[in-house]
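Student: I would like to go through the reasons behind some structural labels. Please set each value against its definition.

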Amino acid sequence: MDPRLEIPTPAPGFLLANERTESSFEQIPVIDLNDAASRDPATRRALADQIRDACVNVGFFYVKNHPVPEDAIAGAINAAGEFFALPTPAKLALDIHKSTSFKGYTALLGENTDPEGRGDLHEGFDIGWEQPAAGPMSGANVWPPDAALPGFRARVLAYYHAAVELGQSLFPLFALALDLPETFFDDKTTTPAAIMRLLHYPPQQPAVDDDGRVIGIGAHTDYECFTILWQDAAGGLQVQNADGKWIDAVPIPGTFVINLGDQFARWTNDVFKSTVHRVTNRSGRERYSMPLFFGTDYDVPLEPLPSCVSPDRPARYEVVMAGEYVKRRLEETYAHSQAD
Ligand SMILES: O=C(O)CCC(=O)C(=O)O
Ligand SMILES: [Fe+2]
């Protein structure tokens with residue numbers, strides 16, 4: 001038996017609000033999801049303990065032995081390659097600025113994730129639910145005509161649904177990691193936010209970057225609860241530790257990178273870390289990635305959990321609705337190109 005299980009559980013509130021953290025991490029942990037579906041509560045608890053360590057110390061972890069089929073990943077990533085190879089006017093026909101809910105195409109330098117930067121050297125294509133729930137982020141997906149890109153929509157959606165399922169299976173583990181009932185997020189994720197991006201980073205030329213203000217994606221934190229990121233083998237993702245040092249999140253075949261976003265930082269009053277990261281593609285080849293940003297329903301207030309607040313750790317954030325919060329952050333990101 002795991003000796004930790006013999007230790008009485010501390011009163012809620014004690015452990016989380018007083019959590020000691022080691023945020024000058026040098027490595028990003030790899031967590032095996034094999035035990036996620038175990039019927040044995042102690043096995044799931046042990047897995048949740050690993051997740052908790054990663055969430056309070058790093059804000060990033062890899063998952064291996066996840067349930068997303070490799071052919072679904074390959075289908076979507078091949079579709080992304082075909083989409084980004086379309087002529088620019090065909091891509092601009094789906095310009096994200098025409099959408100009221102941030103769906104569609106973002107051109108190179110069309111986004112500026114770090115306000116200090118001059119624009120991000122990536123292009124992207126954003127989708128959400130095909131039938132979105134009403135609310136501040138509702139709005140239809142836009143797709144290239146099937147004749148231009150046969151099967152694009154089907155391949156992208158097949159991956160999207162598999163990745164969403166993985167995201168839904170992680171919420172109970174995050175709840176356990178927070179000493180909450182596994183069902184805690186169930187009524188807050190009935191129509192969960194799930195925005196997915198296909199991203200293409202051209203190889204970066206030193207001349208473009210000589211003032212250091214144009215990079216693949218500028219230093220930023222994500223907006224939702226957590227992100228499920230698939231990255232190809234090119235590399236270039238870096239994560240900042242508490243000492244300001246950039247740690248490489250090297251591609252590991254067969255894994256996803258999971259990173260926490262600002263909604264979880266708000267829920268947990270910063271007990272869970274929403275860690276700054278960036279991408280610079282110096283591999284000399286094209287880089288493709290697919291983040292899926294997973295949040296609660298948009299009509300859920302982002303209130304700090306009682307166990308994460310104490311007299312020594314008062315609430316750090318005003319309470320906002322999840323949907324309003326995400327919309328505001330996206331508007332700030334795209335204001336850069338809207339003004340051009
Ligand atoms: O492309 C990547 O590896 C990371 C992308 C990212 O951080 C984002 O889209 O928020
Ligand atoms: Fe990100």
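Student: Which strands each supply at least two residues of the shell around ligand 1?

Tutor: This is a predicted model. In it, strand 6, strand 9, strand 13 (277-279) and strand 14 each give at least two residues to that shell.

Student: What makes a residue part of the shell around ligand 1?

Tutor: Its C-beta atom, placed from the backbone, has to lie within 6 Å of the molecule. The residues around ligand 1 are Arg197, Leu199, Ile217, Asp222, Leu229, Gln231, Leu237, His277, Val279, Ser289 and Pro291.

Student: How do the residues of that shell divide by class?

Tutor: They comprise six nonpolar, three polar and two charged residues. Arg and Asp count as charged, and the shell includes Arg197 and Asp222.

Student: Why is helix 2 called roughly perpendicular to helix 5?

Tutor: The axes of helix 2 (residues 41-57) and helix 5 (residues 152-177) cross at roughly 80° and come within 8 Å. Angles of 65 to 115 degrees count as roughly perpendicular, so helix 2 is roughly perpendicular to helix 5.

Student: Which residues meet there, and what is the contact like by class?

Tutor: From helix 2 come Arg44, Arg45, Leu47, Ala48, Ile51, Arg52 and Cys55, which meet Leu173, Phe174, Leu176 and Ala177 of helix 5. By class, the contact has eight nonpolar, three charged and no polar residues.

Student: What makes strand 1 and strand 3 edge strands?

Tutor: The open sheet of eight strands has mixed pairing and the order 1-2-12-9-14-6-5-3. Strand 1 (30-32) and strand 3 (104-106) each pair on one side only, and they are the edge strands. On average, neighbouring strands of this sheet are turned by 25° against each other, direction ignored.

Student: How do you know that strand 2 and strand 12 pair?

Tutor: Pairing needs at least two bridges. Four bridges join strand 2 (residues 60-64) to strand 12 (residues 256-260), and the two run antiparallel. Phe256 in strand 12 is the bridge partner of Val63.

Student: Which helix packs on that sheet, touching strand 14?

Tutor: Helix 3 (residues 70-84) does, and its direction makes about 115° with that of strand 14 (287-294). Helix 3 also touches strand 5 (123-127), strand 6 (194-201) and strand 9 (226-231).

Student: How do you know that strand 10 and strand 13 pair?

Tutor: The cut-off is at least two bridges, and strand 10 (residues 237-240) pairs with strand 13 over three bridges, in the antiparallel sense. Val279 in strand 13 is the bridge partner of Leu237. An open antiparallel sheet of four strands has the order 8-13-10-11.

Key: Residues numbered from 1 in each chain as written. Chains lettered and ligands numbered in written order. Predicted model: local features only at pLDDT ≥ 70, side-chain atom pairs only at ≥ 80, totals over all residues. Axes fitted to C-alpha atoms, helices over the stretch in contact; angles between N-to-C directions. Contact = placed C-beta atoms within 7 Å. Parallel < 35°, antiparallel > 145°, perpendicular 65-115°, else oblique.
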